[in-house]
Amino acid sequence: MSSWRNWSGTESATGLEILRPGSTDELAAAVKSAADQGKKLKAVGSGHSFTGCSVPQQVMVQLDGLSSIVNADKESGLVTVGAGTGLRKLNPGLAAFDLAMANLGDIDKQTISGAISTGTHGTGAKLGGLATQVVALDLVTADGSVLHCSADENPDVFAAARVSVGALGVISSVTLQCVPAFLLRAQEMPLPLADVLDGFDEFADGNDHFEFYWFPHTGIALTKRNNRVGAGVDASPVGRVRGWVDDELLSNKVFELTNRLSVRRPAMVPRINRIASRALSAREYVDASYKVFCSERNVVFRESEYAVPREQVVEVLRRLRDWIDTSGSRIPFPIEVRVAAPDDIWLSTASGRETAYIAIHQYHRLPHDAYFQAFEQIVADYDGRPHWGKLHTLTATDLRARYPHFDDFVAVRDRLDPQRTFENAYTAQVFGR
């Protein structure tokens, strides 16, 4: 028997039976055996979710044995990968075929199946989350069947399984629609928050990928604009020393120290944030897309993220800023804002609407409950949808009102897993028993 905990330490489990299948057939047999014995089974990825979505109760399946590129067609861009493949391994693997994913989030610690199942996304007004790049997948269900799902084959399961929070079965492989490898020009600079909010639509629509980080208790935001370069432009990555100073020393080591100081001296947080925001310097570089998208983040924190209709994001941010200013709370972590195009995936946070994402964070040694509760109350006025892998308190009743296809998803779940082999406390909370 073994134990498990997630990256942030918010969830853990003990007394687990561990299974490491080396093939889809072995996975199917293991799932069927557990279901026949009435055991609860859960596949886990990298454990990077903050919620209990991947907490195993009795049987934990690790998909390390299904973690490679199975097939890659450079001409069509179709790439099939094992569900346990980590993004950190997948991205350079795709580059070896001169391919890339069209959009990525800002970290690469997740597995591909974990990333799509929780609705992981990047930013881009014309681009969807990672699950929108999936054109087919294989799903092992509780009876040991392997369902091949696409827009043409088992289309209802496909609509449900691309973002399923692990509630339908265990994904064994994923086929991605990739694009030719590309370079991005990254332009990062601090700007007054007022200017960013006033020009938000222009920033979002005028760049392939736009996001910003606002430091609470200040009027400064760090903006990030990433755009594809024209033909003939070569890579000019951040120098080794500058990269180490910016991305390792300042973003991780020094940031950890300033957060520890915030624990001992909370009253200093506004001053620390003002110093940090003034210390930000503009930089510009060109590099492979996945190297620009993804960064290293080692400071442990708590996070809540909600998707709201894009046209209302500025109003939400102004209300959140007002709450921070009047609450007396001290928030050393920046607030992150991104955008996404609408999609047709039933439980995607961008399903059916142009979307903006607001992610709030708090250092793990500082209290976060009042801050996260206030945020959740604000976004409720805008039909906010929580990221499936980040902290929230919503239940099936709340979520049914925010997702037009919620009951369609539940119907697929009832059909594929009537005995709730893949249930845990979190899926019971968000989908019902």
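## Local environments, cavities and aromatic pairs in a predicted model

Gln 133 is found in the loop that runs between helix 3 and strand 8 (134–140). The structure described here is a predicted model. With a relative accessible area of 7%, Gln 133 is buried, because the cut-off for that class is under 20%. A polar atom of the Gln 133 side chain lies 3.0 Å from the backbone oxygen of Asn 103. Leaving aside residues up to four places away in sequence, Gln 133 touches Met 101, Ala 102, Asn 103, Thr 175, Leu 176 and Gln 177.

**Glu 305 in strand 16**

Strand 16 covers residues 301–309 and includes Glu 305. Is Glu 305 buried or exposed? Its relative accessibility is 1%, so Glu 305 counts as buried. The side chain of Glu 305 is joined to that of Arg 338 by a polar contact of 3.0 Å. Arg 338 also appears among the residues that Glu 305 touches, when residues up to four places away in sequence are not counted. The other residues in that set are His 121, Tyr 357, Ile 358, Ala 359, Phe 375, Arg 385, Pro 386, His 387 and Lys 390.

**Cavities and the second largest pocket**

The model contains four cavities of 30 Å³ or more. The largest cavity holds about 640 Å³ of space. Its lining is made up of 42 residues, and those nearest the centre are Ser 49, Gln 110, Gly 114, Ala 115 and Thr 118. Which elements supply at least two residues each to the lining of the largest cavity? They are strand 3 (41–44), helix 3 (112–117), strand 10 (170–177), strand 16 and strand 17 (335–340). By class, the lining of the largest cavity comprises 13 nonpolar, 21 polar and eight charged residues.

The second largest pocket has a volume of about 160 Å³. Ala 102, Ala 125, Lys 126, Leu 127, Ala 204, Asp 205, Asn 207, Asp 208, His 209 and Arg 228 line the second largest pocket. Sorted by class, this lining has four nonpolar, two polar and four charged residues. Ala 102, one of the lining residues of the second largest pocket, is also among the residues touched by Gln 133.

**Aromatic pairs**

There are 16 aromatic pairs in the model. Two of them are set out below.

| Aromatic pair | Centre to centre | Angle between planes | Geometry |
|---|---|---|---|
| Phe 50 and Phe 301 | 5.5 Å | 40 degrees | tilted |
| Phe 255 and Phe 333 | 4.7 Å | 70 degrees | edge-to-face |

The pair of Phe 50 and Phe 301 links distant parts of the chain, 251 residues apart. Phe 50 lies in the loop between strand 3 and strand 4 (59–62), whereas Phe 301 belongs to strand 16. Phe 50 and Phe 301 are both buried.

In the edge-to-face pair of Phe 255 and Phe 333, Phe 255 lies in helix 7 (residues 240–264) and Phe 333 in the loop between helix 10 (313–327) and strand 17, so the pair ties together parts that are 78 residues apart in sequence. Phe 255 is buried, as is Phe 333. Ring pairs join these four residues and Trp 7 into a cluster that consists of Trp 7, Phe 50, Phe 255, Phe 301 and Phe 333.

**Thr 258 in helix 7**

Helix 7 also contains Thr 258. The backbone oxygen of Phe 255 is 2.9 Å from a polar atom of the Thr 258 side chain. Thr 258 counts as partly exposed, because its relative accessibility is 23%. A distance of 8.2 Å separates the C-alpha atoms of Thr 258 and Pro 332, which are 74 residues apart along the chain.

**Residues with positive phi**

Asn 154 is not a glycine, yet it has a positive phi of about 50 degrees. Its place is in the loop between strand 9 (146–150) and helix 4 (155–161). The relative accessibility of Asn 154 is 28%, so this residue counts as partly exposed.

Asp 383, likewise not a glycine, has a positive phi of about 55 degrees. Asp 383 lies in the loop between helix 11 (369–380) and strand 19 (385–386). At 42% relative accessibility, Asp 383 counts as partly exposed.

Conventions:
Residues numbered from 1 in each chain as written. Predicted model: local features only at pLDDT ≥ 70, side-chain atom pairs only at ≥ 80, totals over all residues. Heavy atoms only, no water. Helix = DSSP H or I, 4+ residues; strand = E, 2+ residues; numbered from the N terminus. Buried < 20%, exposed > 50% of the residue type's maximum accessible area, 1.4 Å probe, protein only. Polar contact = N/O pair within 3.5 Å; in protein donor to acceptor, adjacent residues only side chain to side chain. Contact = heavy atoms within 4.5 Å. 1 Å grid on protein atoms, 1.4 Å probe; cavity = no way out; pocket = protein on both sides within 12 Å on 5 of 7 lines; lining within 4 Å. Points joined across faces, edges and corners; volume = space filled by probe spheres on them. Nonpolar A, V, L, I, M, F, W, Y, C, P; charged D, E, K, R; others polar. Phe/Tyr/Trp six-rings, centres within 6.5 Å; stacked < 30°, edge-to-face > 60°.
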